[in-house]
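Please open the structure in a viewer and keep the selection panel at hand. The tour proceeds by selection.

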Amino acid sequence: MKRFFSIFLIIGMALSVFADEVVFKTKAPNQVIAGKPFQISFSVNQQGRDLRAPQFTDFDVLSGPYTSTSSSTSYVNGQRTSTFEQTYTYTLLATRAGTYTIGPATIKVNGKDVQSNGVRIEVLPEDKQPQQSGQSGYSGQSNQGSQQGEIFVRTIASKTKVQEQEAIALTYKLYFANVEGLQLTNNIKLPEFTGFLKQEIEQKNLQAELEHYNGRNYQTAELVRYVLFPQRSGDITIEPANFEFMTQVRVRQRVRSIFDDYFDSYTNVPRHATAPAVTIHVDPLPSGKPAGFSGGVGSFTLNSTITKTEMKVNDAFTITLEISGQGNMKLLKTPAIDWPEGFEVYDPQVKNNFNITKTGFKGSKIIEYPVIARNAGEYTIPAVNFSYYDTQEHSYKTLSTPDYTIHVARGAGEAASDSNQPAVVNYSHTQKEDIKQLGSDIRYIDLSGNWQKHQQRGFIEYGSMEFWLCFLLPLGIAILLLIILRKRIKENADLARVRYKRANKVAQKRLKAARAALKANDKDAFYTEIERAAWTYLSDRLSIPTADLNKDNITALLVQKNVSDALIAKVMNVLSTAEFARYAPTTDHAMDDLYRDTTTLINELEEQKL
Amino acid sequence: MRNILLAALLLLSPITYHLSPLYAQSDFDLANIAYTEGRYAEAAAGYEALLQQQQNATLYYNAGNAYFKQGELAKAILNYERALRLEPNHKDAKFNLEFAQSKITDNIEEHDFFLSIWAQAVRNSMHEHTWIILSIVLFLLTLTGILVFLLGREPWLRKTAFHTAWVALLFCIIAGVSANSLHKRDTLRNEAIITQGIVNAKASPDRSGTDLFTLHEGTKVTIRETLGEWVNVKVGKNEGWIPAKDLERI
């Protein structure tokens, strides 16, 4: 029983009256032990009167109400804070074990009735004689000698038979009785939790509670709390955990001095407690996993949103997926979106808005996919499938988002914008100033009026009759011509014959020229013409190439052609005379003779029809 | 009274005086004004309306420009190509087509054999009818050459005629092949421009077909076959099926 007596501060009192809110609370322990007195108090932060306590029907009122008031004023940085509290305390005794409710109390503050909260009190049965502590199916305990008070730690698993990835809450709970000054040291050896993903549930402060366990009432505290997600199937044993505590043991010492007597002397004694091992049976997930199984086990919902479906090229938009629910959220794979071509997709941003609870992670996982549309057109972003194993319905489930159809319009000036970028091109190293290309664009429209100009249709259509006639008609005419003139072609084909035929003509031409030279008394020209006339005539008539032209060849061919020896001699004579006369002094008479000889020779040879 | 009204209208008219719609002779001028003032969508619609009535290289060229200014690369290329179909020597259309082609993503030319590119350039340099006339003239020249060669008397003349004949025949064949190729192209209309921003060519005419390659807007393809709503296209060495709605025939 505690009582607080404090000094009244009038100023504090006076000020507290004007405190803004009236708080009237009931305070009672959550658990009490039958047969042991406990206190219940009603406190109000303003001056109250006329307290009407609830009916303590299931409890015996041992004493009360005791009234106490306390107030304090503090100045912090020139600010004054005042508190005031008026407390009414009853001492009660529970007689029977069970859970009871105590209704609210009523008090008048400033003429108004204010109600306090009701409380539930669990009455634990009285202690029995200490027994041999047993082990329950899923928990164990370690016991330490009861003569010094009892300390043990239980390993409490919420489930021992789970599916893979299903959350298990594992708690190391401390039980102690008749122990003074208990403190947990840092010397804690926790198991490795091999085969599990473990997540610790942080506890702000250790709160001791009373619990009736195996016939005794213990102070209890949850030391460590984990949520475990089995990562493989089979029987997985969690090794024992060791905890070290410090307890204070009163030591009776011999009185050495007069002062020693005033103080109790305590010694810190370390105490060890081992939380027993526990085996978890993990069932594998059933077969038949869907193709896109996300690894999720639990129960989830899927939502998706898109910022816009109508946009222009180079616009950015975001698709957001929200997976909410409960389960092994931390292990969910980010669903992949099967993007069509033409989108620039950035790495998704994942926001985890979940907290760890005893049944796993609870909350939501938000995945944002930032995207930029790079090409115009109409595109469909296919549904995103999210598959998980539902632990409640024991089956695989697949959630889907809707398809999104996106219209990407061409951005204004999308093509033109590029052309505005200056491209300075320099080609030369000379001092001359090159024409600098500042930009490029298309040429301007044709404003001339020749838009009405009809596209001229060709007068001949490809593949038409006229077309083919254009080819066939000239071809026909040409063939006809060739047939008609085929004799000439034949003649043309025989070049030697042409020369043969032309031989006399050519010879006469030369003789004519020789005659002219004779008249002009041009000796050189005369002999040249005569010689040429004879040689060319023979070459043409006998079809001897100029290269092979010599007297021997000519003689041989003339003999072959049955020309008389006399004529052959004449031919040789003319050739020799013409050859020599050029270089020898001759008379006009000789020239006349040669001219006449040559003419008769050619005539005679012509008659021979060589 | 009428003059006052006209003057008032003129004053109200925000359009530059020399291109005032009051003086617009035709829809063509109206479309040109729209283009001049940057109302490209309107201009394009105007040219398209005129093209419904008659096909003309100038109209196609101007429409191509209007589309280009709107960023509609595929439609711009399509219209330039059509302009060049009608007037193969339209310099501005050629220039702008090349400019527009420099903006598209796909670089197809690289995959083609240089000779075939060169042959195409030769073929496209003239109109089909020009080729036809050229081939006929060259054919006549060939025949004349042959005749002179066969019937001629003078050796130099015959020699000249002979060489003229074979050179003329060679060019006649080139002209004929070009005319034939152009005729085939224009009757089959087997060339098309991709209009969809990006399209995947598939191995089969089926949505579930394997994706073979990706084509981007503005790329010119050759249509080989049509099957329902799918067409088999050839680009360089690649062949695949794409939805017919994603391209437009030139």
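The stops below cover confidence, the contact between chains, and the nonpolar cores.

This is a predicted model, in which local features need pLDDT of at least 70, side-chain atom pairs count only at pLDDT 80 or more, and totals for chains, interfaces and linings use all residues. Residues are numbered from 1 along each chain as its sequence is written, and chains are lettered from A and ligands numbered from 1 in the order in which they are written.

Colour chain B by pLDDT, the predictor's confidence in each residue from 0 to 100. The chain B average is 82, and 88% of the residues score at least 70. Select helix H1 (residues 2-12) of chain B for the lowest confidence in that chain, a mean of 49, then helix H4 (residues 57-69) of chain B for the highest, 90. Helices are DSSP runs (H or I, at least four residues), numbered from the N terminus. The model scores are ipTM 0.72 and pTM 0.42.

Next, display both chains: 40 residues of chain A are in contact (C-beta atoms, placed from the backbone, within 7 Å) with 42 residues of chain B. On the chain A side, H3(A) supplies the largest share, eight residues.

Now select Ala43(B), Tyr47(B), Ala66(B), Ile77(B), Tyr80(B) and Ile242(B), which have the most contacts inside the largest nonpolar core, of 47 residues. Such a core is a set of buried Ala, Val, Leu, Ile, Met, Phe, Trp, Tyr and Cys residues joined through C-beta atoms within 7 Å; buried means 20 or more other C-beta atoms within 10 Å of the residue's own. Because domain 1 (2-101) and domain 3 (191-249) of chain B both contribute residues, this core lies between them; the bounds come from an automatic or database domain assignment.

Conventions
Two residues are in contact if their C-beta atoms, placed from the backbone, lie within 7 Å. Helices (H or I, at least four residues) and strands (E, at least two) are DSSP runs, numbered from the N terminus. A residue is buried if 20 or more other C-beta atoms lie within 10 Å of its own, exposed if 12 or fewer, and partly exposed in between; C-beta atoms are placed from the backbone.
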